[in-house]
Amino acid sequence: AIALLAAFLGAGALARPLRALADAVRRVGKGDLEVVADETGSDEVAEVGRAVNEMVRGLKEGVFVKNTFKRYLSATVVDQIFKDPSKLMLGGEERELTVFFSDMSGFTAMSEVMEPQKLVGLLNEYLSAMTDSIFLQEGTLDKYEGDAVMAFWGAPLAQADHARRACWAALDNRSRLKEMCKAWEAKGLPTFDIRIGINTGRMIVGNVGSQRHMGYTVLGDAVNTGARLEQANKLY
């Protein structure tokens, strides 16, 4: 009788922490990363609790890294890298894509007369709006070069209508800029126009750089033509 009673009490004492661990794992599976499992003690249950907490910390770090990367890279590129890390290898492939270049008109003259903080604030507001247009059309942001923006469509995810998406982004860029210029003018801030160049053609797309630092970008004559079209708007 004493042995049966001891076995019953022991099973109950073991079942409770196991049920708590199972509940914690279920919550993690549903996306709750604030779970903290009980890891007090030195038995096997405590060891499992420590393993669960380590898993949660690893998941949190992964989410943080992914969200941080999305501040620098297109979300589609980041998602592709997390699904297939081999995409981080150097190299590229030739595909038909559409490249997009835009640049502020008169930025140099404006930067010479504006206070640095105001200039940076205006530039950040402008670039945020232009980038939103690109991401709205599911484009890949290549880079910023001062006030210039470079993006492309059709990679890493194939898009049959990549040229149309680039054109819609360009029109949306201009529409957003007009609204911002109205607000800036009301505040006594300078206004400006933008030049945009778009070209579709065969390009090399992939990771270019070194083993320590690389960029997902496009190369080729078709890319250069897009850049020249943007520059041609200085005259046209």
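This note goes through a predicted model, point by point.

1. Strand β3. This strand covers residues 148-153, and 6 of its 6 residues are buried, so β3 is largely enclosed by the rest of the structure. Ala 148, Met 150 and Phe 152 point one way from the strand, while Val 149, Ala 151 and Trp 153 point the other way. Both sets of side chains are buried.

2. Partners of β3. The strand pairs with β1 in an antiparallel arrangement, with 5 bridges joining the two. In that pairing, Val 99 stands opposite Phe 152 of β3. Strand β2, residues 140-145, also runs antiparallel to β3 and is joined to it by 5 bridges. Here Lys 143 is the residue opposite Met 150.

3. The turn between β2 and β3. These two strands form a hairpin, with 2 residues between them. Gly 146 lies in the turn and has a positive phi of about 65°.

4. A salt bridge between sequence neighbours. Asp 142 and Lys 143 meet through their side chains in a salt bridge, at 2.9 Å from N to O. Asp 142 counts as buried because its relative accessibility is 14%, under the 20% cut-off. Lys 143, with a relative accessible area of 30%, is partly exposed.

5. The loop before β2. Gln 137 sits in the loop between α5 (116-136) and β2. Its relative accessibility is 18%, so Gln 137 counts as buried. What does Gln 137 contact, leaving aside its neighbours within four places in sequence? The residues are Trp 153, Gln 159, Arg 165, Trp 168 and Ala 169. Of these, Trp 153 has already appeared as one of the buried residues of β3.

6. Salt bridges across the chain. The structure holds 9 salt bridges. One of them joins Asp 103 to Arg 195, with the closest N and O atoms 3.2 Å apart. This pair links distant parts of the chain: Asp 103 belongs to strand β1 (residues 91-105) and Arg 195 to strand β4 (residues 193-209), 92 residues apart. Are the two residues buried or exposed? Asp 103 is buried, and so is Arg 195. Both also belong to a network of salt bridges that includes Glu 230.

7. A salt bridge within a helix. Asp 172 and Arg 176 form a salt bridge through their side chains, 2.8 Å from N to O. Both lie in helix α6 (residues 162-186), 4 residues apart, which is about one turn of the helix. An α-helix has 3.6 residues a turn, so residues three or four places apart point the same way. Asp 172 is partly exposed at 21% relative accessibility, and Arg 176 is partly exposed at 26%.

8. Helix α7. This helix has 12 residues (221-232) and reaches 16 Å from its first C-alpha to its last, close to the 16 Å expected at 1.5 Å a residue. Ala 222, Val 223, Gly 226 and Glu 230 are its buried residues. Seen down the helix axis, these buried residues fall within an arc of 110°, so they line one face of α7. Asp 221 and Arg 228 are exposed on the other side. The cover over the buried residues includes β1, β3, β4 and β5 (214-219). Glu 230, one of the buried residues of α7, is the residue linked with Asp 103 and Arg 195 in the salt-bridge network.

9. Ile 198. This residue is found in strand β4. At 25% relative accessibility, Ile 198 counts as partly exposed. Which residues does Ile 198 touch, not counting those up to four places away in sequence? They are Thr 98, Val 99, Phe 100, Ala 166, Cys 167, Ala 170 and Leu 229. Among them, Val 99 is the residue that stands opposite Phe 152 in β3. The C-alpha atoms of Ile 198 and Ala 163 are separated by 8.4 Å, and the two residues are 35 residues apart along the chain.

10. Cysteines. How many disulfides does a search of the whole structure find? The result is 0. Cys 167, which is in contact with Ile 198, is partly exposed, with a relative accessible area of 39%. Cys 181 is buried, with a relative accessible area of 12%.

Conventions: Residues numbered from 1 in each chain as written. Predicted model: local features only at pLDDT ≥ 70, side-chain atom pairs only at ≥ 80, totals over all residues. Heavy atoms only, no water. Salt bridge = Lys/Arg side-chain N within 4 Å of Asp/Glu carboxyl O. Buried < 20%, exposed > 50% of the residue type's maximum accessible area, 1.4 Å probe, protein only. Pairing = 2+ DSSP bridges. Contact = heavy atoms within 4.5 Å. Expected span 1.5 Å × (residues − 1). Arc of directions from axis to C-beta. Disulfide = S-S within 2.5 Å.
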